[in-house]
Amino acid sequence: MPIIESVAVCSAAVPLERVTSFSTRTVTTRHYGLVKVRSTDGVEGIGFCYVGSVAGELLTVAVEQLLAPVLIGKDSYAVEGLWKAMYEEALLHGRAGTVMRALSILDIALWDLNARTHGLPLHKYLGAHELDTVPAYASGGYYLEGKTPEKLGEEMASYAGMGFRAVKMKGGRLSPQQEERRVKAAREAVGADVELMIDMNNGWSDLTQALQHVRRIEQFDPYFIEEPFSPDDVDNHARLARATRIPLATGEIGYGRWYHKELLDKGAAAILQTDAAVCGGITEWCKIAATAASHGVVMCPHWFHDLHAPLVAATPNARYVEYFWDDQVLNFRRLVDRQLSHRNGRIQLHDTPGLGFCFDEQQVAKYGQWQRIA
Ligand SMILES: [Mg+2]
């Protein structure tokens, strides 16, 4: 019986090589929360998340003082019970945001630990739907100094050239006219057969503003528009969904089964982008995906492809993994010792136990320091 012996936590601040912007934010450094959960069998599971551009130490405190004490000395197979115990501990401190991210990555580490204990890759441990590869879309199209619509088009076409049948760009930062030029350039560059998605990153504040944009970009037939409003403005998502034929995708900053149920009940999303490192870990992600299936809604999880490829492989109503082909924007790639490969728009799964990779400790040491709780 594997008993949880220790938990280690690290906040790693990794600077971006180029200052990068999306609708309302500009990023120079990314803070990542990393955990390792070790059992008395000598097996270690890992978890990781993004904690924004500042104050990554908040996560370290949540793990150290609030959540790791719940896990130490417990049976690692009691995943649901440990989730509930951590959630009760988090109740007053943060059912969303950094405390929920801390809970999420400890839950991910438990799944990874248990899959490694059994010698099974995570997608098979979860009950695979796809065994070898999963479909992915190429994510990019950020705002950079001097990046014209033509250059954006070239970037999008380069992903199509690598074999991706779906690509995503950023939107929502400039005027409706300027954004129309960007979307037009991207559509013309990739052609009619490649799905094009546009991520607004909560850039619009009201329905009128959203419609000024949407009416101009409907003609370019996007597969979806992502996060048009603040995540808490569920009613405006529902209103916009009724006002446009473009499907809406959201949920990447959403937490817990109850928030996602509200999105589904109100018809606020046709695609859920729930992130296991944000919403409450793999345990909660699977519950949300099952509810989405009951509503006929597909999952296209946000961000970390390393984490989400096995989840998409184990979920019949999952459509795509979001894939970042280099380490410029998703610079977390620098912190792990193995990269997933892609071919013809599909990510290759592997048969290595658990998540199938570890932290690159030399790299992690450049950006942060481990603290061990036992
Ligand atoms: Mg997004």
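The following dialogue explains how to read a strand and an unusual backbone angle in a predicted model.

Trainee: What should I know before reading this model?

Mentor: The model is predicted: local features need pLDDT of at least 70, side-chain atom pairs count only at pLDDT 80 or more, and totals for chains, interfaces and linings use all residues. Residues are numbered from 1 along each chain as its sequence is written.

Trainee: Which residues of strand β5 lie on each side, and are they buried or exposed?

Mentor: In a regular strand the side chains alternate between the two faces of the sheet. Helices (H or I, at least four residues) and strands (E, at least two) are DSSP runs, numbered from the N terminus. A residue is buried if 20 or more other C-beta atoms lie within 10 Å of its own, exposed if 12 or fewer, and partly exposed in between, with C-beta atoms placed from the backbone. In β5 (residues 166-170), Ala166, Lys168 and Lys170 occupy one side and Val167 and Met169 the other, and all are buried.

Trainee: Which strands pair with β5?

Mentor: Two strands pair if DSSP finds at least two bridges between them. Strand β4 (residues 133-139) pairs with β5 in the parallel sense over two bridges, and Ser139 stands opposite Lys168. Strand β6 (residues 195-199) runs parallel to β5, joined by five bridges; here Lys170 stands opposite Asp199.

Trainee: Where does Ala55 lie, and what is its phi?

Mentor: Most residues other than glycine have a negative phi. Ala55, although not a glycine, has a positive phi of about 65°. Ala55 lies in the loop between β3 (44-50) and α1 (57-71), and counts as exposed because it has 11 C-beta neighbours inside 10 Å.
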